[in-house]
Every structure is written in C-alpha cells, then in structure tokens.
Amino acid sequence: MSGLKTLSEKLLVMMVGPSAIGKSTLMNEIVKNHDDFAYVEAFTTRLARPNEQTHYTFIDKKEALRLHQTRQALTYVEHPTTHAIYGTTLESYPARYNLLDTLSGSVGMYRALPFERTVTVAVTAPSEQWQKWFLSRYPEATEEAKKRLNEATLSINWALNDSETRWIVNREGMLQDTVKEMTNIIFDPPVTSSMPDEPYAMLELIKKGVWHTPKEK
C-alpha cells in the first residue's frame, strides 16, 4: 500500500460529540470558507436517508467486505448502534485538511494512519441548548434516541479522559466565533486545553433525562 505515503502530506481533523451538537454545521461552515478543507468521503453500507445531502458513498456489504479483504479499505468499522459498516480508502482524503465526524471508539484507528498530523476536537454546548437541539431531532424517547444518548455518554466520557482531545463550546448564535476557535486549534494546536464545564452539565442532563422539563418556580 505505497499510496499511504501521500497521507503524510495531509491532516485529519476528527470531530467527536453527541448527536445534534452541531458538528455538521461547523464542518459545513469551515469547508465553505476554506479552500484547503474538505470532508472525508467515507463509504457506508447504511441506506441513504430521503433528501439526504451527504458525503458518503453508499455501497452494499459485499462491496465493503471486498474493499476490506483486498486492503483497499484503510479503515473499516461496524457502527455499534446501527451495525452499518463505515470505512475509508486512500481516495477518501482529498484535501490538505480533511474533516471527519466520527465516534470516539474509532479515533485510535484513525490516529494510527500515517497522516502528517491528526487533530481531535470534542464539541460540546450549554446543556439546555443541546437539549433543545436533541429534542428537535428526537422528540420521543424511542429506542434509537436512547441509543444516541448512550453514544453521547460514551463520547463525552472518552473525550474527558483523552489528553490529546481539544474542546470547543458551540453556542447558539456564535457560529463564526466557534469556527474561528476551531480553525485556530487546527492551525496552531495548543499544548494543553482547558476543560469546559459544559460536558459535565450534559452528562448530568442525560442522567436526569433529556425529555424531563423542570417545573417552573
């Protein structure tokens, strides 16, 4: 796989965080305003959603297995909730800076690839704000929603314990400020990162229940 050498000229930026935290919005804004950024163009075996605008290539499990067995797949992982296969090939990384929304459990796999550098950014938000965003996507306590909350708990706890992860707080109405903060982390990564209070408040909200609305005093 001599083509892997070309990854040494690229950077991978991984965004980790709960569903509905705004990762896609941030990525869209960065790509729109920076020509040297692009989305990682992964493949997946999940079905395309109606009217979905995505950067995935949709393939069946037979083709995904072929890519894996012929070692064309640089990454290959089964989603713990949906059991769909997700993966990437060399062609999945088209730019100098490649943006990827990924699960915390997959970060180690990507860090092991021979990129020039990888950056992991955990996205958090004020808990009441995230609750509103999450409920707009999952208004009912369905099994799918509960699984997403379990993923959220795992990703937050993982990021809190990973020394390489850097944090950004996505506040409503402050998109440009958040994007600037994120690009600063990418271009000039800090040696250390202060820990915000928001992820702890989000964990407490999940424990209490996102469908619970406190009574007004």
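Q: How do you know which strands H5 lies across, and at what angle does H5 run to E9?
A: H5 lies across E1, E8 and E9, at about 125° to E9. Contact takes heavy atoms within 4.5 Å. The angle, on a scale from 0 to 180 degrees, is taken between N-to-C directions of axes, which are lines fitted to C-alpha atoms (for helices, over the stretch in contact). This is a predicted model: local features need pLDDT of at least 70 and side-chain atom pairs count only at pLDDT 80 or more, while totals for chains, interfaces and linings use all residues. Residues are numbered from 1 along each chain as its sequence is written, and side-chain values use heavy atoms, leaving out hydrogens and water.

Q: What makes E1 and E8 a pair, and which way do they run?
A: Two strands pair if DSSP finds at least two bridges between them. Strand E1 (residues 11–16) and strand E8 (residues 117–124) share 6 bridges, running parallel, so they qualify. Met 14 sits opposite Thr 120 in E8. Both strands are DSSP runs, numbered from the N terminus (E, at least two residues; helices are H or I, at least four).

Q: Why is one side of E2 and of E9 left without a neighbour in the sheet?
A: The open sheet has 5 strands with parallel pairing, in the order E2-E7-E1-E8-E9. Strand E2 (37–39) and strand E9 (166–169) are at its edges with a single partner strand each, so one side of each has no neighbour there. From one strand to the next, the twist averages 30°.

Q: How do you know whether Asn 98 is buried or exposed?
A: Buried means under 20% relative accessible area (1.4 Å probe, protein chains only), exposed means over 50%, and partly exposed is in between. Asn 98 has 0% relative accessibility, so Asn 98 counts as buried. Asn 98 lies in strand E7 (residues 97–101), and beyond residues up to four places away in sequence, the ones it touches include Leu 12, Val 40 and Tyr 93.

Q: What makes the approach of the Asn 98 side chain to Ala 95 a polar contact?
A: A polar contact is a pair of N or O atoms within 3.5 Å; within protein, one must be able to donate a hydrogen and the other to accept it, and residues adjacent in sequence count only if both atoms are side-chain atoms. The Asn 98 side chain reaches the backbone oxygen of Ala 95 at 2.8 Å, so the distance fits.

Q: Which helices do the buried residues of H4 pack against?
A: They pack against helix H5 (143–160) and helix H7 (198–208). Among those buried in H4 (residues 127–137) are Trp 130, Trp 133 and Phe 134.
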